[in-house]
Amino acid sequence: MTAMSLDEAILGRRSVRGFLPTPVPKALMRKVFNLAQWSPSGTNVQPWRVCVASGAVRDRLRTEFLRRVSEGIPAKQDHKDKGRLGEPYKQRRRDCARVLYDAMGIEWEDKAGRSRASLRNFELFDAPHVAFFCMQDIFGGQSAADVGMYTQTLMLAMTAHGLASCAQGTMGHYPDLVRETFGLEDDMTVLYGLSFGYEDPATPANNARTSRADLAESVQFMGGEIDYASNDK
Ligand SMILES: Cc1cc2nc3c(=O)[nH]c(=O)nc-3n(C[C@H](O)[C@H](O)[C@H](O)COP(=O)(O)O)c2cc1C
């Protein structure tokens, strides 16, 4: 049990992009992954298959990611968005990038700086652990949502137990490497990853704070009297 309330865990979780090398103790690792196991899923099929790399396995993956990116080997994701982003999503994506670049002191026009920031993904933001979230290729959108719920439960459990994390779509760029490393079957697809460990408070990127759209932009209530003015952190 932790003293943190659910509200505190939800509002306290944020993407951390700079970690200390300190590994997470095994008992704590089991604790948070056991909590995530209680996530809901359609007809309780529990479609998630999660692979966690630590130590030498993590080091090898990181080296190979960096080699592929530096050699310009194109990403070949198993899962991609189906179309181009329109508004308001495009603007939100721009705002998200700006918050991060501002924290890192990178100008929008600084292409080299932006690609250095992007490369940090493949350095795993120096996290000692990285998890990959996979599911069999027979599953569709609803099961991917189940894996998403699992991931949020895991991230909240981590927050409540003093751990930091960053979900990473970029960890789905080379799914063949993940399958090969963990000996996964060919029909196992990789959705995304999650670097995690202990936050390095000295990393400037960790000062980035995102915002959220007003409740009324996302949620439509019908019937009864609803006050939309209270979704701020
Ligand atoms: C599925 C998923 C994939 C993400 N991929 C990346 C990524 O590849 N690199 C990254 O730096 N952040 C990534 N993020 C983090 C988001 O940018 C972040 O969650 C969002 O900006 C909100 O900020 P917050 O997590 O600090 O609240 C991802 C988040 C999710 C949920």
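**Close-up views of a predicted model**

**View 1. Polar contacts to the ligand.** A nitrogen atom of the ligand is placed 2.8 Å from an N or O atom in the side chain of asparagine 121, where a polar contact is a pair of N or O atoms within 3.5 Å. Two oxygen contacts can be added to this picture: a polar side-chain atom of threonine 170 is 2.7 Å from an oxygen atom of the ligand, and a polar side-chain atom of arginine 212 is 2.9 Å from an oxygen atom of the ligand. Around the ligand there are 14 residues, of which Ser15, Arg17, Asn121, Gly169 and Thr170 come nearest; a residue counts as near if one of its heavy atoms lies within 4 Å. This is a predicted model, in which local features need pLDDT of at least 70 and side-chain atom pairs count only at pLDDT 80 or more, while totals for chains, interfaces and linings use all residues. Residues are numbered from 1 along each chain as its sequence is written, and side-chain values use heavy atoms, with hydrogens and water left out.

**View 2. The open sheet.** In this view 4 strands form an open sheet in the order 1-2-4-3, with antiparallel pairing; two strands pair if DSSP finds at least two bridges between them, and strands (E, at least two residues) and helices (H or I, at least four) are DSSP runs numbered from the N terminus. Strand 1 (49-54) and strand 3 (164-168) are the edge strands, each pairing on one side only. Strand 3 and strand 4 are joined over 5 bridges in the antiparallel sense, and serine 165 has phenylalanine 196 in strand 4 as its bridge partner.

**View 3. The largest nonpolar core.** The largest nonpolar core (buried Ala, Val, Leu, Ile, Met, Phe, Trp, Tyr and Cys residues joined through side-chain atoms within 4.5 Å, where buried means under 20% relative accessible area with a 1.4 Å probe, protein chains only) has 21 residues, and those with the most contacts inside it are Phe33, Phe133, Leu154, Met158, Leu194 and Phe196. At least two residues of this core come from each of helix 2 (26-36), strand 2 (129-136), helix 6 (141-160) and strand 4 (188-197), and helix 6 gives the most, with 6 residues.

**View 4. The surroundings of leucine 154.** Leaving aside neighbours within four places in sequence, leucine 154 is in contact (heavy atoms within 4.5 Å) with Val32, Phe33, Ala36, Phe133 and Leu194.

Notes. Buried < 20%, exposed > 50% of the residue type's maximum accessible area, 1.4 Å probe, protein only. Polar contact = N/O pair within 3.5 Å; in protein donor to acceptor, adjacent residues only side chain to side chain.
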